[in-house]
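Hi everyone, thanks for making the time today. I'd like to walk you through one structure, so let me put it up on the screen.

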Amino acid sequence: MSLIIRVIVNALALWAAVFLIDGIEVATRDTTEQILVYLGVGAIFGLVNAVIKPIVKTVGCLFYVLTLGLIGLVVNALLLLLTNWIAGLFDLPFSIDGFWPAFWGALVISIVSWLASLFLPDGADD
């Protein structure tokens, strides 16, 4: 159940990024298709974060320490660009116009995900 909640939170965070940041788009006309695209990209983004982010953090540990964690913003932007590329492989109409929209989008996604985590159970009570 927590996996489904995480995908929904990612989808909501992606929706916020598309709404707030110029250069990030979901090109659909139908609301149902838009919801499915957000859920699909949210699942891809969650998978990318679950698999690749820990590896990058481990390998780049020194950079995280030297930059006081600010390199994490760049890593998140690059992971969002990777998500964009993978979504393109599945013909999902999701696009990011470059690094800076990805950077600001990753920041919005991080903030929305953090806010959502404040209101959702963490699964420790199971």
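Let me begin with F99, which counts as partly exposed at 29% relative accessibility. Please keep in mind that this is a predicted model. W100, right beside F99 on the screen, is exposed, with a relative accessible area of 53%.

Now to the aromatic rings. How many aromatic pairs does the count come to? The count comes to 5 aromatic pairs. Take W15 and F19: the ring centres are 5.4 Å apart and the planes sit at 15°, so this pair is stacked. The cut-off behind that word is that planes under 30 degrees apart count as stacked. Both W15 and F19 belong to helix α1, and they are 4 residues apart, about one turn of the helix. As a reminder, an α-helix has 3.6 residues a turn, so residues three or four places apart point the same way. As for accessibility, W15 is partly exposed, at a relative accessible area of 44%, while F19 is exposed, at 61%.

Back to F99 and W100, then. These two form an edge-to-face aromatic pair, with 5.2 Å centre to centre and 75° between the planes. Ring pairs also tie F99 and W100 together with F103 and W104 in a cluster.

Next, helix α4, which runs over residues 71-89. It has 19 residues, and from the first C-alpha to the last it reaches 27 Å, close to the 27 Å expected at 1.5 Å a residue. Which residues of α4 are buried? They are G72, V75, N76, A77, L79, L80, T83, N84, I86 and A87. And what do these buried residues pack against? Their partners are α1, α2, α3, β2 and α5, where α3 covers 61-66, β2 covers 94-96 and α5 covers 99-119. Just after α4 comes D91, for those of you who like backbone angles, with a positive phi of about 55°.

One residue of α4 deserves a separate stop: L81. L81 is partly exposed, with a relative accessible area of 24%. Setting aside neighbours within four places in sequence, L81 is in contact with I96, G98, F99 and A102. So we meet F99 again, here as a contact of L81. For a sense of distance, the C-alpha atoms of L81 and R6 are separated by 20 Å, and these residues are 75 apart along the chain.

Let's return to helix α1, where we find N10. Is N10 buried or exposed? N10 is buried, with a relative accessible area of 4%. Its contacts, again leaving out neighbours within four places in sequence, are G42, F45, G46 and S113.

My last stop is the surface. I4, I8, L12, I35, L36 and L39 make up a nonpolar patch there, and together they have about 540 Å² of accessible area. Which helices each supply at least two residues of this patch? They are α1, residues 2-20, and α2, residues 31-59. I8, one of the patch residues, lies in α1 and is partly exposed, with a relative accessible area of 39%. That value clears the patch rule, which asks for over 30% relative accessible area.

That's my tour, and I'm happy to go back to any of these spots on the screen.

How values were computed. Residues numbered from 1 in each chain as written. Predicted model: local features only at pLDDT ≥ 70, side-chain atom pairs only at ≥ 80, totals over all residues. Heavy atoms only, no water. Patch = residues over 30% accessible without salt bridge, like charges linked within 9 Å, V, L, I, M, F, W, Y side chains within 5 Å. Areas by Shrake-Rupley, 256 points an atom, 1.4 Å probe, with all protein chains shown as cover. Salt bridge = Lys/Arg side-chain N within 4 Å of Asp/Glu carboxyl O. Buried < 20%, exposed > 50% of the residue type's maximum accessible area, 1.4 Å probe, protein only. Phe/Tyr/Trp six-rings, centres within 6.5 Å; stacked < 30°, edge-to-face > 60°. Expected span 1.5 Å × (residues − 1). Contact = heavy atoms within 4.5 Å.
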